[in-house]
Amino acid sequence: RGLRKRASRLDVPFMTRTGLDARIRFLKTTDKSSFVEMLSGLEGRYGPPHPVDAVGASTALTRFSYLPFGIFVEEKLSGYLLLRLFYPSRAVTGIWTLPDTHNLGLGQEALKQTAAFSHSEHLPDYATIPIDNHNSLRMANSAGWQVIRTNRRFHVLLWQEKMASP
């Protein structure tokens, strides 16, 4: 109860590896146009668990079981982190960033912030990463997620505070 409201308070500034101002904050319905634009710029084989058109973006921003967090670089929405809630027992984290922001340290820092939030809410925080997505696995490991099992398509990871790098 009140989880979405508490999530909406997350707003953390940080610096990228190259010294740019960045921020992770909860996305609101007023962010819809920049969210749609950011989603249209995503590349890669693995996308979000929802359609990336305007309707899908709107749904992702308002769906009760989704906690969407925007990753901003110099005030531009450059990525998106989604906690999908599977009540009452867990959250599953996913992250997507624009190609021009890869290697800035955005993902790792954003993951640390949302993991701290899910931990403070006593929600085990899982992630699934395709077995051929080595960069995402490395980033998740650095942020504290550890593989607990692997099937033929995905690694299943669980966040463990003791494993998160400082």
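Student: What is the relative accessible area of T59, and how should such a value be read?

Tutor: Buried means under 20% relative accessible area, exposed over 50%, and partly exposed in between, with a 1.4 Å probe and protein chains only. T59 has a relative accessible area of 40%, so it counts as partly exposed. T59 belongs to helix 3; helices are DSSP runs of H or I with at least four residues, strands are runs of E with at least two, and both are numbered from the N terminus. The C-alpha atoms of T59 and T29 are 9.6 Å apart, while 30 residues separate the two in sequence. The model is predicted, so local features need pLDDT of at least 70 and side-chain atom pairs count only at pLDDT 80 or more, whereas totals for chains, interfaces and linings use all residues. Residues are numbered from 1 along each chain as its sequence is written, and side-chain values use heavy atoms, with hydrogens and water left out.

Student: Which residues of helix 3 are buried?

Tutor: They are G56, A57, A60 and L61. Viewed down the axis, these buried residues fall within an arc of 135°, so they line one face of helix 3; the arc is taken from the directions that run from the helix axis to the C-beta atoms. The cover over them includes helix 1 (3-7), helix 2, strand 3 (66-73) and strand 4.

Student: What does L61 contact, beyond its neighbours within four places in sequence?

Tutor: Contact means heavy atoms within 4.5 Å. With those neighbours set aside, L61 touches R4, L27, K28, T29, D31, K32, F35 and P68. L61 has a relative accessibility of 2% and therefore counts as buried. T101 lies 40 residues from L61 along the chain, and their C-alpha atoms are separated by 22 Å.

Student: Which residues of helix 2 are buried, and which are exposed?

Tutor: Helix 2 (residues 32-40) has F35, M38 and L39 as its buried residues. Their arc around the axis is only 100°, which puts them on the same side of helix 2. S33, E37 and S40 are exposed on the other side. Among the elements covering the buried residues are helix 3 (54-62) and strand 4 (76-86).

Student: How is a nonpolar core recognised, and which residues touch the most other members of the largest one?

Tutor: A nonpolar core is a set of buried Ala, Val, Leu, Ile, Met, Phe, Trp, Tyr and Cys residues joined through side-chain atoms within 4.5 Å. The largest such core here has 30 residues, and those touching the most other members are L67, F69, L83, L106, F117, W145 and L157. Two or more residues each come from helix 1, strand 2 (21-26), strand 3, strand 4, helix 4, strand 6, helix 5 and strand 8 (154-159). Helix 4 supplies the largest share, 5 residues. A second, separate core has 15 residues, including F35, M38, L61 and Y80.

Student: With neighbours within four places in sequence left aside, what is L67 in contact with?

Tutor: L67 contacts L3, R4, A7, F26, L81, L82, L83, L85 and F117.

Student: How is a pocket found, and what is the volume of the largest pocket?

Tutor: Rolling a probe the size of a water molecule over the atoms reveals where empty space is left. On a 1 Å grid over the protein atoms alone, a pocket is an open set of points where a 1.4 Å probe fits, with protein on both sides within 12 Å along at least five of seven lines; lining residues have an atom within 4 Å of a point. Points are joined across faces, edges and corners, and the volume is the space filled by probe spheres set on them. For the largest pocket this volume is about 1,100 Å³. Its lining consists of 42 residues, and I95, W96, N133, S136 and M139 lie nearest the centre. The elements giving two or more residues to this lining are strand 4, strand 5 (90-97), helix 4 (106-120), strand 6 (125-130) and helix 5 (134-143).

Student: How do the lining residues divide by type?

Tutor: The lining of the largest pocket has 20 nonpolar, 16 polar and 6 charged residues. Here Ala, Val, Leu, Ile, Met, Phe, Trp, Tyr, Cys and Pro count as nonpolar, Asp, Glu, Lys and Arg as charged, and the others, Gly among them, as polar.

Student: Where is E75 found, and where is H122?

Tutor: E75 is in the loop between strand 3 and strand 4, and H122 is in the loop between helix 4 and strand 6. E75 is not a glycine, yet has a positive phi of about 70°; H122, also not a glycine, has a positive phi of about 60°. E75 is exposed at 70% relative accessibility, and H122 is exposed with a relative accessible area of 71%.
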